[in-house]
Amino acid sequence: MAIDPLLGEFADRRTEDTYLEHQQPRTRAQLAFTLLFCTLFFLCFFATDVAALGLVPDTALLLGARLVVAITAGSCAWLALKRPLSTGATRLAASLAEAVALACFMVIAVHRPGEFHWHAMSLAIMLLVIYLYIPNRLAWALGLASAATGTFLVLTMLFGALGFADMLTLGMLLALVNTFGALAARRYGHVAREEFRARVVLQHAAERDHLTGCFNRRYLHEQLMGAASPLQAGEPLTVILCDIDRFKQVNDTHGHAGGDAVITSFAGLLQSVARDGIDSVVRYGGEEFLLVLPGTGRDAGVHQAEWLRTRFAATPALVAAGDQPVHATASFGVATLGPGPHSAGVLEGLIHAADKLMYAAKRNGRDRVESLAQPASVPAGPLASAA
Ligand SMILES: Nc1nc2c(ncn2[C@@H]2O[C@H](COP(=O)(O)OP(=O)(O)OP(=O)(O)O)[C@@H](O)[C@H]2O)c(=O)[nH]1
């Protein structure tokens with residue numbers, strides 16, 4: 001999860017997208033707040049138009065420009081608050097509001113040509129808002145802010161009637177605002193991503209087994225049996241409990257490192273068949289693993305267990321270069337709950353049933369699959385004892 005030092009974004013596009021997705025509720029709230037706040041101030045500054053020009057037709061034009069900004073920014077803020085906008089749509093809304101606000105600001109500046117030094121101050125504040133408060137890619141913010149600065153400088157030369165020294169000062173001050181704005185935005189982006197990275201690493205450590213990378217029992221109990229329950233009404237649910245056979249012998253013959261290599265190779269095989277974001281592979285005990293397969297019926301579950309059994313038996317684990325590959329087998333218990341309204345705690349009963357089936361497979365000679373299907377209406381207790 002490397003962070004690009006220049007842009008302050010994750011170098012990997014997928015990680016960056018995951019981060020943006022994670023930040024999205026906060027980003028939308030921040031955008032809405034910023035737009036509403038800026039709109040209010042933009043409207044309030046109509047008082048300065050009246051003070052500078054009096055009540056003339058130009059004042060009405062400037063009021064019109066300010067209302068356009070208010071309507072655009074207000075609509076974008078409403079969209080950000082009320083609609084579940086994607087990251088791209090949020091940025092589009094932000095960019096639209098920025099572009100309209102900057103364009104209207106230029107119109108106002110041209111109609112009050114005697115105050116370009118004050119307009120420069122207003123622009124400097126708008127630039128800081130673009131860099132720090134409006135969610136966008138740094139490159140985009142930099143492009144927009146530079147374009148606005150360039151346009152403003154041209155307008156100042158055309159309408160501002162400033163002397164060379166004033167022009168130079170104004171240009172250098174705006175260059176400074178852009179530099180510090182971009183640097184601060186990059187720093188902020190970097191820090192926010194570092195925080196996200198630390199959170200991901202911590203979450204990974206809390207939920208995963210260190211040796212295999214599979215989920216641990218904490219994840220099983222806190223997530224699968226709680227908030228991230230795989231149970232969906234109307235879908236079957238299959239669990240496979242599997243245990244490497246005579247693993248003590250593997251350890252005794254090939255040493256602990258050999259045993260670890262077999263466990264890792266078995267876990268890798270299980271993970272290779274798990275569907276991303278749907279199935280879960282849990283290290284249930286030392287050499288015992290649990291697969292939770294939502295939406296998988298009995299036949300598919302047994303087929304998957306059989307495939308895993310034959311594949312594992314046929315694929316010896318490599319411990320170290322030059323060492324003998326280690327052959328091992330595993331026993332599997334497959335329990336399925338049919339589609340229907342599932343009650344809470346049913347996963348526990350299903351695991352218990354699969355556990356009994358796995359031990360039946362051990363008793364029946366090992367390197368085999370035992371299975372059982374129950375209709376959804378059967379509660380956890382009887383289902384477990386039926387095994
Ligand atoms: N190398 C290694 N060994 C482990 C790990 N966790 C547990 N074990 C060992 O796994 C062995 C499990 O042995 P048993 O529970 O007796 O079962 P078994 O020898 O696999 O026999 P059956 O399950 O009846 O086929 C024990 O010797 C544990 O020390 C681990 O992470 N690495």
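Here's a quick tour of the ligand's surroundings, the nonpolar cores, one helix and one strand. Keep in mind that this is a predicted model. Strand 1 is a good thread to follow: strand 1 gives residues to the shell around the ligand, and strand 1 also gives residues to the largest nonpolar core.

**Around the ligand**

- The ligand has 16 residues around it, and the closest are Asp 245, Phe 247, Lys 248, Gly 259 and Gly 286.
- Two elements each give two or more residues to this shell: strand 1 (237-244) and helix 9 (247-273).
- Helix 9 supplies the largest share, with seven residues.
- Sort the shell by class and you get eight charged, four polar and four nonpolar residues.

**The nonpolar cores**

- The largest nonpolar core has 46 residues, and the ones touching the most other members are Val 239, Val 282, Phe 289, Leu 350 and Ala 354.
- Both helices and strands give two or more residues to this core, among them helix 8 (217-227), strand 2 (280-283), strand 3 (288-294) and helix 10 (298-314).
- Helix 11 gives the most, with nine residues.
- There's also a second, separate core of 40 residues, including Ala 32, Leu 62, Phe 105 and Ile 134.
- Back in the largest core, take a look at Val 282: leaving aside neighbours within four places in sequence, its contacts include Cys 214, Tyr 219, Leu 220, Phe 289 and Val 292.

**Strand 1 and its partners**

- Is strand 1 mostly covered or mostly open? Eight of its eight residues are buried, so to speak of strand 1 as mostly covered is fair.
- Leu 237, Val 239, Leu 241 and Asp 243 point one way, while Thr 238, Ile 240, Cys 242 and Ile 244 point the other way.
- That fits a general pattern: side chains in a regular strand alternate between the two faces of the sheet.
- Strand 1 runs antiparallel to strand 3, and seven bridges join them; one of the pairs is Cys 242 with Phe 289.
- Strand 4 also pairs with strand 1 in the antiparallel sense, over eight bridges, and here Leu 241 sits opposite Gly 333.

**Helix 4**

- Helix 4 covers residues 87-111, which makes 25 residues.
- From first C-alpha to last, helix 4 reaches 36 Å, close to the 36 Å expected at 1.5 Å a residue.
- Its buried residues include Thr 90, Ala 97, Glu 98, Leu 102, Phe 105 and Ile 108.
- What covers them? Helix 1 (13-44), helix 3 (57-82), helix 5 (116-132) and helix 6 (138-160) are among the elements that do.
- Phe 105 turns up twice: Phe 105 is buried in helix 4, and Phe 105 belongs to the second core.

Terms used. Residues numbered from 1 in each chain as written. Predicted model: local features only at pLDDT ≥ 70, side-chain atom pairs only at ≥ 80, totals over all residues. Near = placed C-beta within 6 Å. Helix = DSSP H or I, 4+ residues; strand = E, 2+ residues; numbered from the N terminus. Nonpolar A, V, L, I, M, F, W, Y, C, P; charged D, E, K, R; others polar. Core = buried A, V, L, I, M, F, W, Y, C linked by C-beta atoms within 7 Å. Buried ≥ 20, exposed ≤ 12 C-beta atoms within 10 Å, placed from the backbone. Contact = placed C-beta atoms within 7 Å. Expected span 1.5 Å × (residues − 1). Pairing = 2+ DSSP bridges.
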